[in-house]
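Reader: I should like to go through this structure with you, starting at the ligand. May I put some short questions?

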Amino acid sequence: MLSSLSLTTLQVEQVEKSYGLKKVLCEIDFVVEPGQVVSLLGQSGCGKTTLLRLIAGFDRPDSGQISVARQVVANGRVFVAAEKRHIGYVPQEGALFPHLNVYDNVAFGVGKGPGRSQAIDRMLELTGVAELRAHMPHQLSGGQQQRVALARALAPEPRMILLDEPFNALDANLRSSICQDVMTLLRRIGATVLLVTHDQREAFISSDRVAVMRDGHIVQFDDPVHVYRRPVDVQTAELVGGVILLDGVVVDNGVRTALGMVPAANRHNPGELAGASGHSAAAIHRCTGDSVRVMLRPEQLRLVAPGQGAAARVAEVAFHGQYFSLRIVLEPTGVGALPVEFLVRAHYPLEYQVGDKVDVRIVGTGVLYDPRGATL
Ligand SMILES: Nc1ncnc2c1ncn2[C@@H]1O[C@H](COP(=O)(O)OP(=O)(O)OP(=O)(O)O)[C@@H](O)[C@H]1O
């Protein structure tokens, strides 16, 4: 049962696709190893669904090659029809057949043969919807519908699973718990999975690798920690989290900024960003004297006792329930042309109020980009 899922590699090589004059996918190249979960993460319109449809076999690439389990399914000469690719597809909002009950929805794609009803029963159990087998889709909650859609996609024992924003219709709280449930299940059965999402948290929670897409390109294919800690450029940094950007000038042992000296690394540096280590200075040495942009994550800033960091003041406090966000404005230092302000999180009980003077210190290293925000 489902053994084929764990053996499947997906290979996408130099795939391109245009609609009319609009190029929607450019030089798409990546591999999903057997049992890996990979997310396609990007803003609306960047080409995620188009890529998924080419892999599923609903559409043809203009050029390039797609292979599933080392068999070519699409290139200039070969095109294997969707139903012969043995790929499970869970579309946005599940799209269950409204006139079929849960059992019949799950049974839909399962071939006739011995063991059919046991296979369907097992899938209903596995996805936790066995007790709902007689329900019609309109009698199910959003989360239950997604589980049934997953059961339906898994029941024919596909070679891999494609999920197209499957949790979109759920409200925020339900969304992250259902996402975690579904991913735990898919990992337990060793499925090779490609997940389309525009939600960075969903991509990070679920995936071994994240493919960040922009304007039809994969701009970074990396593990989630690297995508967050060492994004390829400022746009990617902003896509996946809060960003503090400082203008700076590279000097011998770091970058001089309005927040003082920032230990810095470029993206290609080995080692962890936290802590100012020798490798940072070596890697940025060749840029000495250059103007750069330094990217920090908000959690890298700490409010500390006077005299221990850069002087600033609290301009605004907002309560979010679990935490407060403080808008902090640096006192002018002459470094950096514009006033520098940013948001810092603080927890209850809050020690600060609007107008307080505070000092700000950086923890860990910043990531360097050129003044346009591109990789150095
Ligand atoms: N059949 C089609 N004909 C013409 N243009 C299309 C077609 N399908 C997609 N496009 C265009 O291709 C681009 C990429 O669309 P796609 O649906 O792949 O993006 P997406 O990243 O999945 O977006 P979303 O997150 O909103 O679903 C968009 O500009 C879209 O308008």
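Reader: Which residues are around the ligand?
Author: This is a predicted model. Around the ligand are Tyr19, Val24, Gly42, Ser44, Gly45, Cys46, Gly47, Lys48, Thr49, Thr50 and His198.

Reader: How do the residues of that shell divide into nonpolar, polar and charged?
Author: Three are nonpolar, seven are polar and one is charged.

Reader: Which helix gives the largest share of the shell?
Author: Helix α1, residues 48–56, contributes the largest share, with three residues.

Reader: Is α1 largely enclosed or not, and why?
Author: Helix α1 is largely enclosed by the rest of the structure, because seven of its nine residues are buried. The buried residues in α1 are Lys48, Thr50, Leu51, Leu52, Leu54, Ile55 and Ala56. Two of these, Lys48 and Thr50, are also among the residues around the ligand.

Reader: What follows α1?
Author: Gly57 follows the helix, and its phi is positive, near 95 degrees.

Reader: Turning to the whole protein, how is it divided into domains?
Author: Domain 1 covers 10–231, and domain 2 is made of 242–268 and 284–369. Taken over C-alpha atoms, the centres of the two domains are 40 Å apart.

Reader: How many helices and strands are there?
Author: The protein has nine helices and 21 strands. Its C-alpha trace spans about 75 × 50 × 40 Å along the principal axes.

Reader: What share of the residues counts as buried?
Author: Of the 376 residues, 38% count as buried. As for contacts with a separation of 6 or more, 67% are between residues 24 or more positions apart.

Terms used. Residues are numbered from 1 along each chain as its sequence is written. This is a predicted model: local features need pLDDT of at least 70, side-chain atom pairs count only at pLDDT 80 or more; totals for chains, interfaces and linings use all residues. A residue is near a molecule or strand if its C-beta atom, placed from the backbone, lies within 6 Å of it. Helices (H or I, at least four residues) and strands (E, at least two) are DSSP runs, numbered from the N terminus. Ala, Val, Leu, Ile, Met, Phe, Trp, Tyr, Cys and Pro count as nonpolar, Asp, Glu, Lys and Arg as charged, and the others, Gly among them, as polar. Domain bounds come from an automatic or database domain assignment. A residue is buried if 20 or more other C-beta atoms lie within 10 Å of its own, exposed if 12 or fewer, and partly exposed in between; C-beta atoms are placed from the backbone. Two residues are in contact if their C-beta atoms, placed from the backbone, lie within 7 Å.
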